[in-house]
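Subject: A structure for you to look through

Dear colleague,

Here is the structure I promised to pass on to you. Please open it beside this message, and then read on for what was found in it.

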Amino acid sequence: MVCLSESPLEHLRWLLAHRQWPPWGLLLRRQTVYDLGGGPVWYARTEQLAMLPAELRGWTVRFEAGSNRSDWLHEREWRIPLPPDNPALQLPPDSVPVILDGDPQ
């Protein structure tokens, strides 16, 4: 899986300033992610996660309301599945409208 974060501008600023994420990345359009077979992750309770077949668990994030360890709703994560025999994401030409590089200002 390729994991992505859908971040509003204020959250992106928070990630850079407070979580000290490096100020670089590729920004993709939602439609590009869909076209590559991706989509938003599924936030599931532990008991729901246990009911899913193994091949679908890569789409899930364990979620427990009120838990500091497992409340990831603020991340708004998306994923693109990749085949195990070729785990490289091939981006189509002109699919990256923005490259974030360097100074977050």
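A contact here means that heavy atoms lie within 4.5 Å. With that in mind, among the contacts in the protein between residues at least 6 apart in sequence, 62% join residues at least 24 apart. Please remember as you read that this is a predicted model.

The protein has 105 residues, and buried ones make up 22% of them. The area that the protein exposes is about 7,700 Å², of which 55% is supplied by carbon and sulfur atoms.

Three helices and seven strands are found in the protein, and if you follow the elements from the N terminus on, their order is β-α-β-α-β-β-α-β-β-β.

The strand I would ask you to look at with some care is β6, which covers residues 77–80. Strand β1, made of residues 2–5, runs antiparallel to β6 and is joined to it by four bridges; within this pairing, C3 stands opposite R79 of β6. Strand β3, residues 39–40, also pairs with β6 in the antiparallel sense, over two bridges, and here P40 stands opposite W78 of β6.

Are the residues on the two sides of β6 buried or exposed? In a regular strand the side chains alternate between the two faces of the sheet. For β6, E77 and R79 are on one side while W78 and I80 are on the other, and all of these are buried, so that both faces of the strand are covered, where buried means under 20% relative accessible area.

With best wishes

Methods. Residues numbered from 1 in each chain as written. Predicted model: local features only at pLDDT ≥ 70, side-chain atom pairs only at ≥ 80, totals over all residues. Heavy atoms only, no water. Buried < 20%, exposed > 50% of the residue type's maximum accessible area, 1.4 Å probe, protein only. Pairing = 2+ DSSP bridges. Areas by Shrake-Rupley, 256 points an atom, 1.4 Å probe, with all protein chains shown as cover.
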